[in-house]
Amino acid sequence: MNLDELIAQAEQAFGAAADAASLENEKAKFLGKTGALTELLKDLGKLPPEEKREQGGKINGAKDRIEALLNARRQALADAQMNARLNAEAIDVSLPGRGRSRGGIHPVMRSWQRVEEIFRSIGFDVADGPEIETDWNNFTALNNPLNHPARSMQDTFYVEDKDSDGLPLLLRTHTSPMQVRYARHHVKHGQPPIKVIAPGRTYRVDSDATHSPMFHQVEGLWIAEDISFADLKGVYTDFLKRFFETDNLQVRFRPSFFPFTEPSAEIDMAFTSGPMKGRWLEISGSGQVHPTVVRNYGLDPEKYIGFAFGSGLERLTMLRYGISDLRLFYEGDLRFLKQFN
Ligand code: DAH
């Protein structure tokens, strides 16, 4: 057997092996227990000592060569596999990173927080109540009985379930029912003063640039023996100065009607920035609480008196940032929202 030929055969066979497994099969044919070289070495024993040494040396030389060829091919296959993996798993360094970006507080929620902070600082409690209300709490207790024309200003969404008066439950049209809930609860546990705000979600069948079917209000109520309309003006004006962080505001109390207050006023404020600059926006209803409502709290209207207000949190936010369309608050457009964080 010509050893050079054997080496050439091995080189060819190894080169043709396409992967590690077939390479190891080829290796067996040359170097394995029954491989060609092993057979040659077994035959050595039959030779005379002189020839044995010479042939043995040559065979071992061929074995070294074949092992070297095998190792080279192993390395080449491993390199090729690694390169293929590297190509397949390549990272596109031009892609934007996948890091988590930081969220932010919604501008209306920020207003909500600021309103709570300001009123807490002057001794108001903060209360929370249900968004599904009874007809009595939402309307009747607030001196707005069934079939009263003022109800048509607040059309809302009804729930199929009925309350204990047999009337359909409804999504509250304002936070004013919280006056009744809080005051009645308070009166059970003690006497006035009642001094509370109640921020929350409210609902109406309404949708345009300044109205949304779901919106936020904050109710305020201060009842004691000597709280007047003058206190309303003082407290509310001071609140606005702190909320807008300036004394330089254009605010007006405009006579109005609400069934639950007498006298009643709407509070308007002028935009100081943005596309609506100089235009007035209504931000709140307010007034001195009507005696019938005080009675519905469970209190004697001859003894107790006070004021209430209900302000739109979206409206306050629009004025604060000069935003002309309230629907922007609900579209979830990050280009809009990012400006506030
Ligand atoms: N609840 C009224 C509304 O949503 C606003 C309002 C007016 C609230 C006068 C009050 C108030 O507490 O005294 O239109």
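**Note on salt bridges and backbone geometry**

1. The side chains of R254 and D268 form a salt bridge, with a nitrogen-to-oxygen distance of 2.6 Å. R254 belongs to strand β7 (residues 251-258) and D268 to strand β8 (residues 261-270), so this pair ties together parts that are 14 residues apart in sequence. The contact should be read with the usual care, since the model is a predicted one.

2. The two partners of this bridge fall into separate accessibility classes: R254 is partly exposed at 29% relative accessibility, whereas D268 is buried, with a relative accessible area of 2%. The pair also belongs to a wider arrangement, in that salt bridges with shared partners join R252, R254, E266 and D268 into one network.

3. Across the whole structure, a search finds 18 salt bridges. One of them is made by the side chains of E24 and R74, which meet at 2.9 Å, N to O. E24 lies in helix α2 (residues 20-31) and R74 in helix α4 (residues 49-88), so the bridge ties together parts that are 50 residues apart in sequence. E24 counts as partly exposed, at 31% relative accessibility, and R74 likewise counts as partly exposed, at 32%.

4. Helix α4 also holds a salt bridge between two of its own residues, E54 and K58, whose side chains meet at 3.3 Å, N to O. These residues are four apart, which is about one turn of the helix. E54 is partly exposed, with a relative accessible area of 48%, and K58 counts as partly exposed at 43% relative accessibility. Why does E54, at 48%, count as partly exposed and not as exposed? The exposed class is reserved for values over 50%, and the buried class for those under 20%, so the 48% of E54 falls in between.

5. Turning to the backbone, two cis peptide bonds deserve a check by eye. The bond that joins P192 and P193 is cis, with omega at about 15°, and P193 is found in the loop between α7 (177-189) and β5 (194-203). The peptide bond from E262 to P263 is also cis, with omega near 0°, and here the proline, P263, is placed in strand β8, the strand that also contains D268 of the bridge described in the opening point.

6. Which residues in the loop between α6 and β3 have a positive phi although they are not glycines? One is N143, with a phi of about 65°, found in the loop between α6 (135-138) and β3 (158-162). Another is N147, with a phi of about 70°, whose place is likewise in the loop between α6 and β3.

7. The two asparagines are assigned to separate accessibility classes. N143 is partly exposed, with a relative accessible area of 21%, whereas N147, at 75% relative accessibility, counts as exposed. Since buried means under 20%, the 21% of N143 is enough to place this residue in the partly exposed class.

Definitions and conventions: Residues are numbered from 1 along each chain as its sequence is written. This is a predicted model: local features need pLDDT of at least 70, side-chain atom pairs count only at pLDDT 80 or more; totals for chains, interfaces and linings use all residues. Side-chain values use heavy atoms; hydrogens and water are left out. A salt bridge is a side-chain nitrogen of Lys or Arg within 4 Å of a carboxyl oxygen of Asp or Glu. Buried means under 20% relative accessible area, exposed over 50%, partly exposed in between (1.4 Å probe, protein chains only).
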